[in-house]
Amino acid sequence: MNFFFEPRRRRFVQAGALAFGLASTLGSTQAFAQQPWPAKPISLIVPFPSGGTTDVLARALADRLSQSLGQPVVVESKPGAGATLGADFVAKAKPDGYTLLMGAVHHTIATSVYKKLPYDFQKDLAPITVVAMVPNVLVVNAANTPAKNVAELVALAKSAKDKLAYGSNGNGTAQHLIGTQFQASTGAELLHVPYKGSGPLTTDLLGGQVAMSFDTITPVLQHIKSGKLRALAVTTAKRSSVLPEVPTLEEAGLKGFDIGTWFGVLAPAATPKDVVARLNAEMVKIIQSPDFAERMQAIGAEPLGGSSQEMAGRIREETAKFAKLVKEGKVAID
């Protein structure tokens, strides 16, 4: 036996084994990386606490989307700072299609309200589709606020020793801006009380800690029907199908008043276009289905759907529109 060549042969065999192992590892990594999307659960971030309209819509969509994609779509709540904390989280998330945002009109308002935001809503997030439009409704605590209509509420607010308090989902949200527009249109001075979302706001409204709110219909509908809250007007140009007896603010004398709340899904800006296209196709199919429409009708929402480009256009237009209203209302947050 030739012992002189044995160590070299052993090293050759070991090197070959190592090369094979590296090739196998590289091959399995590439195979994993090339797995078709989605290959794992998807997070749908709601920038408000659970129980509000954003959460209800997100869960309705996530339930159906989980079925169509074959992967769980998990709704996660990240509330705070007028819905901007959740938006910032998604804007900075890995752009792989596994972290999405249930955004809303609030984000187009926050762009002008907040002096400094850690993200750019139009540049750092990719629109997928608008899910639904939900009218806002002016409601008062039926036990504590005697006003039966808008005129009586305005008179009460002007004669009250202390300012009537209205609650909103947070600084820079649609409810906040509606409140400032209501004051400008009526001359009544109100006290703004911001909350982190509809859940805590509705609790305090029912408890009498605030006299009124301009929240979306969804979280207050059951309390309107039970008589605990009194609906005085909707804030959109047309009446709501679930509250047909409630007039619009324009019908109540506030001319040109038309603000509602839309909700839509967005992804981090660099998310692959094919993933955004797949999400849009699946979501629009769900949103336009009869059973989803029926589910939306029950909560006072109007299902929409549409292309990513249409949502981007809506965001551009409303960012400009609300910038003007924010400036006129002198609403600003550091």
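## The largest cavity

In this predicted model, the largest cavity holds about 60 Å³ of space, and the count of cavities of 30 Å³ or more comes to 1. Its lining is made up of 13 residues, and those closest to its centre are F48, T53, T54, N169 and S198.

When the residues of this lining are sorted by class, 9 are polar, 3 are nonpolar and 1 is charged. Helix α2 provides the largest share of the lining of the cavity, with 3 residues.

## The largest pocket

The largest pocket has a volume of about 360 Å³. It is lined by 21 residues, and M133, P135, T236, K238 and E302 are the ones that lie nearest its centre. Three elements, namely β4 (125-135), β10 (260-268) and α11 (308-329), each give two or more residues to this lining, and the largest share, 3 residues, comes from α11.

Which classes of residue make up the lining of the largest pocket? The lining divides into 9 nonpolar, 6 polar and 6 charged residues.

## The protein chain as a whole

The protein chain has 11 helices and 11 strands, and of its 334 residues 51% count as buried. Among the contacts in the chain between residues at least 6 apart in sequence, 78% join residues that are at least 24 apart.

## The nonpolar cores

The largest nonpolar core has 53 residues, and those with the most contacts inside it are L57, L100, M102, V137, V265, L279 and M283. Helix α2, which covers residues 53-69, gives the most to this core, with 7 residues. Apart from the largest core lies another core, of 47 residues, which includes V130, V154, I178 and L254.

V265 can serve as an example of the contacts made by a residue of the largest core. If residues up to four places away in sequence are not counted, V265 touches L44, L61, L100, L101, M102, A126, P127, I128, T129, V131, M283 and M311. Three of the residues in this list, L100, M102 and M283, are also named among those with the most contacts inside the core.

## The aromatic pairs

A pair of aromatic rings is described by the distance of the centres and the angle of the planes. The structure holds 3 aromatic pairs. In one of them, the rings of W37 and Y98 have their centres 6.2 Å apart and their planes at 50°, so this pair is tilted. The pair links distant parts of the chain, since W37 lies in the loop between α1 (6-33) and β1 (42-46), while Y98 lies in the loop between α3 (84-91) and β3 (99-104), 61 residues apart. Are these two residues buried or exposed? W37 counts as buried because its relative accessibility is 15%, under the 20% limit for that class, and Y98 is buried too, with a relative accessible area of 13%.

In another pair, the rings of F182 and F214 have their centres 5.4 Å apart and their planes at 55°, so this pair is also tilted. It again links distant parts of the chain: F182 belongs to helix α6 (residues 174-186), whereas F214 sits in the loop between β8 (212-213) and α8 (217-226), 32 residues apart. Both F182 and F214 are buried. These two residues are joined by Y166 in a cluster that is linked through ring pairs.

Key:
Residues numbered from 1 in each chain as written. Predicted model: local features only at pLDDT ≥ 70, side-chain atom pairs only at ≥ 80, totals over all residues. Heavy atoms only, no water. Core = buried A, V, L, I, M, F, W, Y, C linked by side-chain atoms within 4.5 Å. Buried < 20%, exposed > 50% of the residue type's maximum accessible area, 1.4 Å probe, protein only. Helix = DSSP H or I, 4+ residues; strand = E, 2+ residues; numbered from the N terminus. Contact = heavy atoms within 4.5 Å. 1 Å grid on protein atoms, 1.4 Å probe; cavity = no way out; pocket = protein on both sides within 12 Å on 5 of 7 lines; lining within 4 Å. Points joined across faces, edges and corners; volume = space filled by probe spheres on them. Nonpolar A, V, L, I, M, F, W, Y, C, P; charged D, E, K, R; others polar. Phe/Tyr/Trp six-rings, centres within 6.5 Å; stacked < 30°, edge-to-face > 60°.
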